[in-house]
Amino acid sequence: RMFEEGGGTTWRLRQHLRYMHPLVEGVQGVAWTEGFWRLNDTDRADAGLEQWRWYAGLNFEISEKMTFEAGYMTVYTLRDRADTLDHVPWLITTFKF
């Protein structure tokens, strides 16, 4: 990851764990979590935990080759001055080829 205002490149490890469970025909409950860790120090940031995301939603099978997912994600970001917690509505359509 690179930024113009700081020297160096931040190397990050991104881990994603997703769970899907059938609820009724064509609908699945979805939950996932994802962490981001900085692996090195730079002028802009120190190594360590950078961000954590949590998500819950529903996945709808529109057809054999298309799904629609709607849910809610929170994003906790660790910052030097003050940590932030963002609330994100999530809508995604997936096409399978």
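**A five-stranded sheet and its side-chain pairs**

Good morning. I begin with one contact: the side chains of Glu50 and Arg38 form a salt bridge, with an N to O distance of 3.9 Å. Glu50 belongs to strand S3 and Arg38 to strand S2, so this pair ties together parts that are twelve residues apart in sequence. Both Glu50 and Arg38 are buried. Please keep in mind that the model before you is a predicted one.

Which further residue joins Arg38 and Glu50 in a network of salt bridges? It is Arg12. The side chains of Arg12 and Glu50 meet in a salt bridge of 3.1 Å, N to O. Arg12 lies in strand S1 and Glu50 in strand S3, so that contact ties together parts that are 38 residues apart in sequence. Arg12 counts as partly exposed because its relative accessibility is 32%, whereas Glu50, at 7%, counts as buried. The two arginines are also related through the backbone pairing, as Arg12 stands opposite Arg38 in S2.

Let me now set these residues in the fold. Five strands form an open sheet in the order S1-S2-S3-S4-S5, with antiparallel pairing. S1 and S5 stand at the edges with a single partner strand each, so one side of each is left without a neighbour in the sheet. On average, neighbouring strands of this sheet are turned by 15 degrees against each other, direction ignored. As a reminder, strands of a sheet pair through backbone hydrogen bonds, either parallel or antiparallel.

I shall take the pairings in turn. Strand S1, residues 12–24, pairs with S2 in the antiparallel sense over twelve bridges. Within that pairing, Tyr19 stands opposite Ala31 in S2. The hairpin of S1 and S2 has two residues between the strands, and Gly26 there takes a positive phi near 80 degrees.

S2 and S3 likewise pair in the antiparallel sense, over twelve bridges. Here Thr33 stands opposite Trp54 in S3, and Glu34 stands opposite Arg53. S3 in turn is joined to strand S4, residues 66–77, by twelve bridges, and the two run antiparallel. The bridge partner of Gly57 is Gly71 in S4. The hairpin that joins S3 to S4 does so through two residues.

I return to Glu34 and Arg53, since their side chains also meet, in a salt bridge of 3.6 Å, N to O. This pair links distant parts of the chain, with Glu34 in strand S2 and Arg53 in strand S3, 19 residues apart. Is Glu34 buried or exposed? Glu34 is buried, because its relative accessible area is 4%, and the cut-off for that class is under 20%. Across the structure there are five salt bridges.

The next topic is the aromatic residues. How many aromatic pairs does a search of the whole structure find? The search finds four. In one of them, the rings of Trp32 and Trp90 have their centres 5.6 Å apart and their planes at 75 degrees, so the pair is edge-to-face. That pair links distant parts of the chain: Trp32 is in strand S2 and Trp90 in strand S5, residues 84–95, with their positions 58 residues apart in the numbering. Trp32 is buried, at a relative accessible area of 6%, while Trp90 counts as partly exposed at 24%.

Trp37 and Trp52 form an aromatic pair that is edge-to-face, with 5.2 Å centre to centre and 85 degrees between the planes. Trp37 lies in strand S2 and Trp52 in strand S3, so this pair ties together parts that are 15 residues apart in sequence. Trp37 counts as partly exposed at 28% relative accessibility, and Trp52 counts as partly exposed at 23%. Ring pairs also link Trp32, Tyr55 and Trp90 into a cluster.

Finally, I turn to the surface. Trp11, Leu13 and Leu39 form a nonpolar patch there, with about 350 Å² of accessible area together. Where does Leu39 lie? Leu39 is in the loop between strand S2, residues 27–38, and strand S3, residues 48–63. Leu39 is exposed, because its relative accessible area is 54% and the class begins over 50%.

To close, I would leave you with two groups to locate in the structure: the salt-bridge network of Arg12, Arg38 and Glu50, and the ring cluster of Trp32, Tyr55 and Trp90. Thank you.

Notes
Residues numbered from 1 in each chain as written. Predicted model: local features only at pLDDT ≥ 70, side-chain atom pairs only at ≥ 80, totals over all residues. Heavy atoms only, no water. Patch = residues over 30% accessible without salt bridge, like charges linked within 9 Å, V, L, I, M, F, W, Y side chains within 5 Å. Areas by Shrake-Rupley, 256 points an atom, 1.4 Å probe, with all protein chains shown as cover. Salt bridge = Lys/Arg side-chain N within 4 Å of Asp/Glu carboxyl O. Helix = DSSP H or I, 4+ residues; strand = E, 2+ residues; numbered from the N terminus. Buried < 20%, exposed > 50% of the residue type's maximum accessible area, 1.4 Å probe, protein only. Pairing = 2+ DSSP bridges. Phe/Tyr/Trp six-rings, centres within 6.5 Å; stacked < 30°, edge-to-face > 60°. Axes fitted to C-alpha atoms, helices over the stretch in contact; angles between N-to-C directions.
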